[in-house]
Amino acid sequence: SFALFSGRILRATDRGLLSVEVDRRLRTLSPGRLFPDTEPFISSDSELLAGPGGSVFVVGLKEIVELRLE
């Protein structure tokens, strides 16, 4: 799952949230910064939703978690 977050694209992975870099010139996407502290709350199956104030809601099978990244 992907979500827009403060001008960045975020992707849900089994290792945590991953920012995705956009190269407009080449029209490609590439891996950016990994947020490993988010790993306990997310998996590649999680759905991501943008929240208020720059937060991200992670929707899993059993719970919804609100994350704030710095």
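Let us start at one residue: Phe35 lies in strand S4, which spans residues 28-35. Strands here are DSSP runs of E with at least two residues, and helices are runs of H or I with at least four, each numbered from the N terminus. The model is predicted, so local features need pLDDT of at least 70 and side-chain atom pairs count only at pLDDT 80 or more, while totals for chains, interfaces and linings use all residues. Residues are numbered from 1 along each chain as its sequence is written, and side-chain values use heavy atoms, with hydrogens and water left out.

Is Phe35 buried or exposed? Phe35 counts as buried because its relative accessibility is 6%; buried means under 20% relative accessible area, exposed means over 50%, and partly exposed lies in between, with a 1.4 Å probe and protein chains only. Leaving aside residues up to four places away in sequence, Phe35 touches Arg8, Leu10, Arg15, Gly16, Leu17, Ser19, Leu69 and Glu70. A contact here means heavy atoms within 4.5 Å. One of these partners, Gly16, is 19 residues from Phe35 in sequence, yet their C-alpha atoms are 5.7 Å apart.

Another partner of Phe35 is Ser19, which is found in strand S3, residues 16-23. Ser19 is buried because its relative accessible area is 2%. With residues up to four places away again not counted, the neighbours that Ser19 touches include Arg8, Ile9, Leu10, Ser30, Pro31, Gly32 and Arg33, along with Phe35.

Now step back to the whole chain. What secondary structure does the chain have? There are seven strands and zero helices, giving the pattern β-β-β-β-β-β-β along the sequence. The C-alpha atoms fill a box of roughly 40 × 25 × 20 Å along the principal axes. Buried residues make up 31% of the 70 residues. Of the contacts between residues at least 6 apart in sequence, 33% join residues at least 24 apart.

The chain carries 9 positive and 10 negative charges, whose mean positions are 8 Å apart. Lys and Arg count as positive and Asp and Glu as negative, without His or the chain ends; each charge is placed at NZ of Lys, CZ of Arg, CG of Asp or CD of Glu.

Finally, a word on confidence. The mean pLDDT, the predictor's confidence in each residue from 0 to 100, is 88 for the chain, and 96% of its residues reach 70 or more. Confidence is lowest in strand S1 (residues 2-5), with a mean of 74, and highest in strand S7 (residues 64-68), at 93.
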